[in-house]
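Biologist: I am new to this structure and would love a close look at a single part of it. Could you pick one helix, take me through it slowly, and then show me how it fits into its surroundings?

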Amino acid sequence: MATASSSSSSDVKLDTALHIKYIQNLDKRQDLAYHLTSHLRLNGIYWGLTAAHIMGQPNTLDREGVIEYVLSCWDDEAGAFGPHPGHDGHVLATLSGIQIMLMEDAIDRIDVGRVTQFLLDRINDDGSVSGDTWGEIDTRFTYICLSSLSLLGKLDQIPQQKRDSIIEYIRKCKNFDGGFGRVPGAESHSGQVWVCTAALSILDRQDLIDVPLLGAWLSERQLPNGGLNGRPEKLEDVCYSWWCLASISIIGKLSWINRDKLINFILGAQDLEDGGIADRPGDWVDVFHTIFGLAGLSLLGYPGLEDIDPVYCMPAKLIDKLVLRKPYAALERMSSYP
Amino acid sequence: MVGQLSVHGIKRSRITPQAAEAKKLKEQSKIEAYLALEADVLGRKRSKDHTTDSLGQTTKLLDLNPEFYTIWNFRRNILLTLFPTLISDEVVAHLTSDLRLTTSYLLVHPKVYWIWNHRKWCLESVPDGPGESVKWKEEFWKGELKLVEKMLDADSRNFHAWDYRRYVLASLPVQRPLTDELKYTQSKIESNFSNFSAWHCRTKTLAAIWEKEQTPEAEIRRTKDQEFELVTQALWTDPNDQSGWLYHRWLVGSEPPLEVLNREIKNIKDLYEVEPDSKWCINALAHYTLLLGQDQSTTQVDKAKLRKEAHDLYRRLEDVDPDRKNRYQEMGM
């Protein structure tokens with residue numbers, strides 16, 4: 001058993017063909033780990049499909065197969081999507097279902113009315129949002145609820161009073177460092193920073209973000225090796241190339257980090273034998289880090305990639321077509337790299 | 001590992017096709033057993049088979065996969081069906097055993113949301129009693145602080161554990177004085193100045209104390225002076241660790257008293273002399289110099305001088321920390 005060679009030199013390129021093949025093969029190797037992660041299956045398809053869109057190959061997965069699978073995840077009792085047939089409906093899987101159906105141009109095949117009701121029912125009077133009827137609260141769910149309703153064109157169905165409470169709740173999750181946490185009192189974390197800045201964007205309340213303060217905090221997430229971490233004094237991880245980068249793009253300060261160093265870090269985390277991107281160079285790859293690595297590269301202007309919308313984490317072309325685009329700034333697409 | 005959807009920090013290794021085949025064969029019986037158990041439990045869920053027998057099956061499945069949230073949901077539905085048929089002692093026994101189960105899972109999977117959720121549900125389901133007392137509730141909640149301290153000893157930055165700690169403290173039937181939390185964060189900070197989670201918790205605790213007790217301004221200032229002493233130790237111990245700098249910035253705030261600002265600038269300048277390349281040191285100096293320039297009592301001449309000083313510090317940062325040079329350029333404008 002030899003340790004895999006890591007690819008960290010700066011002349012490494014993005015191996016698009018290999019990553020497409022990796023995504024196509026995701027369902028082929030059904031080992032135990034595959035079955036143990038069925039609670040993430042629908043999210044996994046969204047990650048794979050979005051990655052394929054970013055690489056300019058939206059037809060990578062079998063369209064009808066994907067649509068049928070999404071429909072098979074419907075939890076009729078809840079009125080929402082679960083992550084796999086027989087699993088309970090939850091906002092986490094529901095957003096993925098909506099995103100996949102929009103990318104496959106099949107949104108008319110889901111029960112938009114019932115999904116909308118499920119999402120509206122998640123908003124509590126104090127502006128917090130639950131993930132399902134069991135009631136877990138997290139600003140991730142705030143974002144998911146708003147993003148889903150917005151993608152369905154139903155954002156205006158949130159009563160004004162609840163809309164105000166949601167905004168107030170997000171404000172309570174804001175910390176002195178400019179970042180946001182899961183719930184009021186919780187420490188700032190890049191993942192929660194993204195969901196809160198994107199949620200405020202969807203509600204057209206970007207004015208509540210302290211741009212210089214949050215921009216500084218986000219730019220300090222970059223470590224000397226080029227990778228980004230999620231909180232002060234933590235290790236770098238490719239997935240923060242999305243959570244931090246999308247946030248800093250939403251506030252228009254992408255130039256506050258070192259682009260080339262981050263690009264090289266993400267490229268170095270590729271598996272150049274079997275495809276896919278890992279959390280950091282030399283580790284096992286997965287589709288989660290593959291999409292967020294690619295999405296980060298897209299925001300950084302890596303050549304040959306399609307634009308990604310940092311608020312919705314979906315192809316920018318599609319978001320523009322739906323007339324949902326909010327203010328943000330990505331870096332100019334390069335014609336070659338390095 | 002190949003079929004995993006999200007993995008963190010596991011080194012990739014190459015295995016030969018033969019080894020892969022052998023592993024697959026070895027795994028095959030495990031996969032079959034898992035799928036059979038999964039089908040059995042999901043079948044029981046569909047037919048709403050809320051029996052102790054089903055409860056036992058969910059334990060078996062969760063042992064193999066504690067992230068399977070649908071099974072946690074099913075487990076709670078079973079318990080909710082059973083509870084009305086049981087006397088309180090039996091309900092307490094069930095909850096005790098579920099807490100024990102989640103403890104054992106959390107020690108292996110400290111970052112799985114669903115396990116923490118189930119734990120919260122158990123605690124919130126503890127009945128009044130025994131008799132007219134609320135001893136069960138008191139006992140259960142007291143045990144939670146011990147658990148969360150154990151979790152934070154194992155990983156002092158685990159945000160699930162910190163969030164859970166805040167939740168437990170807010171839920172205790174008999175509230176602890178907030179000053180206890182100051183002692184706790186202090187012990188965490190002193191054992192590792194780099195623990196920003198503890199610094200963060202300290203900002204929230206102090207703010208909560210001041211709000212609750214309507215602390216007068218003069219006393220807040222006295223407390224802050226002691227905090228400045230604590231954080232100064234951290235800054236001198238490792239000026240390249242940002243945790244202390246962030247806390248320092250919180251202490252200074254947006255409109256600090258002039259003497260405090262001047263004192264802190266002087267202290268940081270002392271450190272800067274010893275650590276001329278510490279970007280955090282320069283960064284703090286630049287920011288506080290700008291703050292000083294905004295103070296009402298500063299004359300126009302001094303304002304211009306301070307702006308120039310800050311500008312020069314930001315120029316220096318462009319050299320010391322080039323990865324963020326665009327930010328420093330904008331800040332120094």
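Modeller: Happily; what follows starts with one helix of chain B and then moves outward to the rest of that chain and to its partner. Please keep in mind that this is a predicted model.

Let us start with helix H10 of chain B, which runs over residues 217-237. H10(B) has 21 residues and reaches 30 Å from its first C-alpha to its last, close to the 30 Å expected at 1.5 Å a residue. Which residues of H10(B) are buried? They are B:Val231, B:Ala234 and B:Leu235. These buried residues cover an arc of only 85° around the axis, which puts them on the same side of H10(B). The general rule behind such a pattern is that an α-helix has 3.6 residues a turn, so residues three or four places apart point the same way. Turn to the other side of H10(B) and you find exposed residues: B:Ala218, B:Glu219, B:Arg222, B:Asp225, B:Gln226, B:Glu229, B:Gln233 and B:Thr237. And what do the buried residues of H10(B) pack against? Their partners are H11 and helix H12 (258-274) of chain B.

One of those partners leads us on to the other chain. Helix H11 (242-252) is among the elements that give two or more residues to the side of chain B that touches chain A. The contact as a whole takes 49 residues from chain B and 53 residues from chain A. On the chain B side, the elements giving two or more residues also include strand E1 (13-14), helix H3 (69-82) and helix H7 (159-171). The largest share of this side, seven residues, comes from H1(B). Sorted by class, the side of chain B that touches chain A has 17 nonpolar, 17 polar and 15 charged residues.

Since H1 has come up, look just beyond it. B:Lys48 is found in the loop between H1 and helix H2 (52-64) of chain B. Its phi is near 50°, a positive value in a residue other than glycine. Most residues other than glycine have a negative phi, and most peptide bonds are trans. B:Lys48 is exposed, because 11 other C-beta atoms lie within 10 Å. Chain B also has a cis peptide bond, from B:Gly129 to B:Pro130, with omega near 0°. You will find B:Pro130 in the loop between helix H5 (113-124) and H6 of chain B.

Helix H6 (residues 135-154) holds B:Met151. With 21 C-beta neighbours inside 10 Å, B:Met151 counts as buried. Leaving aside residues up to four places away in sequence, B:Met151 touches B:Leu106, B:Pro110, B:Asn158 and B:Ala161. One of these, B:Pro110, is 41 residues from B:Met151 along the chain, yet their C-alpha atoms are separated by 7.6 Å.

Now step back to chain B as a whole. There are 15 helices and one strand in it. Its C-alpha trace spans about 80 × 65 × 30 Å along the principal axes. A compact globule of 333 residues would have a radius of gyration near 20 Å, but chain B has 28 Å. Buried residues make up 31% of its 333 residues.

Chain A makes a helpful companion picture. Its secondary structure comes to 14 helices and seven strands. A compact globule of 338 residues would have a radius of gyration near 20 Å, and the 19 Å of chain A agrees with that. Along its principal axes the C-alpha trace of chain A spans about 55 × 45 × 35 Å, and buried residues make up 57% of the 338 residues. UniProt, in an unreviewed entry, lists residues 14-314 of chain A as "domain: Prenyltransferase alpha-alpha toroid". The end C-alpha atoms of that span lie 20 Å apart.

For a last stop inside chain A, find A:Gly97 in helix H5 (residues 91-103). A:Gly97 is buried, with 27 other C-beta atoms within 10 Å. Not counting residues up to four places away in sequence, A:Gly97 touches A:Leu42, A:Val70, A:Cys73, A:Phe81 and A:Ile110.

Note on methods
Residues are numbered from 1 along each chain as its sequence is written. Chains are lettered from A and ligands numbered from 1 in the order in which they are written. This is a predicted model: local features need pLDDT of at least 70, side-chain atom pairs count only at pLDDT 80 or more; totals for chains, interfaces and linings use all residues. Helices (H or I, at least four residues) and strands (E, at least two) are DSSP runs, numbered from the N terminus. A residue is buried if 20 or more other C-beta atoms lie within 10 Å of its own, exposed if 12 or fewer, and partly exposed in between; C-beta atoms are placed from the backbone. Two residues are in contact if their C-beta atoms, placed from the backbone, lie within 7 Å. Ala, Val, Leu, Ile, Met, Phe, Trp, Tyr, Cys and Pro count as nonpolar, Asp, Glu, Lys and Arg as charged, and the others, Gly among them, as polar. UniProt positions are given in the numbering used here, feature names are shortened, and annotations may be inferred rather than shown by experiment. The radius of gyration is taken over C-alpha atoms; the globule rule is 2.2 Å times the number of residues to the power 0.38. The expected span of a helix is 1.5 Å times one less than its number of residues. The arc is that of the directions from the helix axis to the C-beta atoms.
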